[in-house]
Amino acid sequence: MRPSVRVLLMLLLMAPLAALAAPGIPAFSSTPGAGGATDYTFSIEALLLLTALTFLPAALLMMTAFTRIVIVLSLLRQAMGTMNAPSNQVVVGLSLFLTFFVMAPVFDKIHETAWKPYSDNQISLIQAADLGAQPLKAFMLKQTRQQDLALFVGLAKIESLEAPEDTPLKVLVPAFIISELKTAFQIGFIVFIPFLIIDMVVASVLMSMGMMMLSPVLVSLPFKIMLFVLADGWNLLIASLVRTFQI
């Protein structure tokens, strides 16, 4: 397993333990009770923190390459008309591992600048979170369109920013998401074109033969699969999709 993937998994698994061990956030407290018993209580701060950490996987997925990849793969399946082949599990799984591949340089930077110093007790958890957010912000800024960023800067009523790196995450994340959605649908449109041409040709041939009761989608499906396989479609699509990311 690549070090970047291992670091991401360790961050997800160890974040609650590290948060509970951080100074100033006591997890459990005990008080003497009647008859020599001991009463244990769970601090409200730790409970709120653990609740917030449940949103960490969703936040990481929306701040990485996952959105663009999973949408393009889903649109490819619709363009081919294969319904549930590949299945949702395969699409999501492939999207996750492609995300790890694309984000590997970013995760390596997070490991060097945030996780390694934190594991060596050189910085606190808050400092590690701030340092770890910088590579993610740099990645998102490269993928975000200026007009999308300007939209949310205006909506947030931020008068001026000295540098793009000073953009707060509350502004950068939604701007990054809508930029990813636009890019994904643009790629999906290009993916649809060859399959749409096949559907039109098959529909025209069936109408000219008077076979209007036969579904053109049913007839064109094997031709679309054959075209995709002969053109080495998976290789072309994945290679082109990965190259769209500016790392």
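Q: How are α4 and α9 oriented to each other?

A: Orientation is read from the angle between the two helix axes, and oblique is the class for angles outside the parallel, perpendicular and antiparallel ranges. In this predicted model, α4 and α9 pack at an angle of about 135°, with their axes 9 Å apart. The two helices are therefore oblique to each other.

Q: Which residues of α4 and α9 meet?

A: A helix pair is described by the residues in contact on either side. From α4 the participants are Leu76, Ala79 and Met80, and from α9 they are Leu221, Lys224, Ile225 and Phe228. By class, this contact of α4 with α9 has 6 nonpolar residues, 1 charged residue and no polar ones.

Q: At what angle do α4 and α10 cross?

A: The same kind of reading applies to this pair. Helix α4 (residues 66–80) and helix α10 (residues 233–243) have axes that come within 11 Å and cross at roughly 150°. That value makes α4 roughly antiparallel to α10, because the antiparallel class takes angles over 145 degrees. The handedness of the α4 and α10 crossing is right-handed.

Q: Which residues of α4 and α10 are in contact?

A: On the α4 side they are Arg68, Ile69, Val72, Leu73 and Leu76, and these meet Trp234, Leu237, Ile238 and Leu241 of α10. The residues of the contact of α4 with α10 divide into 8 nonpolar and 1 charged, with no polar residue.

Q: What is the handedness of the crossing of α4 and α5?

A: The crossing of α4 and α5 is right-handed. Their axes come within 9 Å and cross at roughly 145°. In the contact, Phe66, Ile69, Val70, Leu73, Ser74 and Arg77 belong to α4, while the α5 side includes Asn88, Val91, Leu94, Ser95 and Val102. The classes of the residues in the contact of α4 with α5 are 10 nonpolar, 4 polar and 1 charged.

Q: How many cavities of 30 Å³ or more are counted, and where is empty space left?

A: Rolling a probe the size of a water molecule over the atoms shows where empty space is left. In this structure the count comes to 1 cavity of 30 Å³ or more. The largest cavity has a volume of about 50 Å³.

Q: Which residues line the largest cavity?

A: A lining is read as a list of residues, then by the elements that supply them. Here the list is Leu73, Leu76, Arg77, Met80, Ala85, Pro86, Val91, Leu94 and Trp234. Both α4 and α5 (88–119) supply at least two residues each, and α4 gives the largest share, 4 residues. By class, the lining of the largest cavity has 8 nonpolar, no polar and 1 charged residues.

Q: How much space lies in the second largest pocket, and what lines this pocket?

A: A pocket, unlike a cavity, is an open set of points. The second largest pocket holds about 330 Å³ of space. It is lined by 14 residues, and those closest to its centre are Val191, Pro194, Phe228, Leu236 and Leu237. The elements giving two or more residues to this lining are α8 (169–208), α9 (216–230) and α10. The lining of the second largest pocket divides into 12 nonpolar and 2 polar residues, with no charged residue.

Methods: Residues are numbered from 1 along each chain as its sequence is written. This is a predicted model: local features need pLDDT of at least 70, side-chain atom pairs count only at pLDDT 80 or more; totals for chains, interfaces and linings use all residues. Side-chain values use heavy atoms; hydrogens and water are left out. Axes are lines fitted to C-alpha atoms, for helices over the stretch in contact, and angles run from 0 to 180 degrees between N-to-C directions. Angles under 35 degrees count as roughly parallel, over 145 as roughly antiparallel, 65 to 115 as roughly perpendicular and the rest as oblique. A crossing is left-handed if the near helix is turned anticlockwise from the far one by less than a right angle, and right-handed if clockwise. Contact means heavy atoms within 4.5 Å. Ala, Val, Leu, Ile, Met, Phe, Trp, Tyr, Cys and Pro count as nonpolar, Asp, Glu, Lys and Arg as charged, and the others, Gly among them, as polar. On a 1 Å grid over the protein atoms alone, a cavity is a set of points where a 1.4 Å probe fits but cannot get out, and a pocket is an open set with protein on both sides within 12 Å along at least five of seven lines; lining residues have an atom within 4 Å of a point. Grid points are joined across faces, edges and corners, and a volume is the space filled by probe spheres set on the points.
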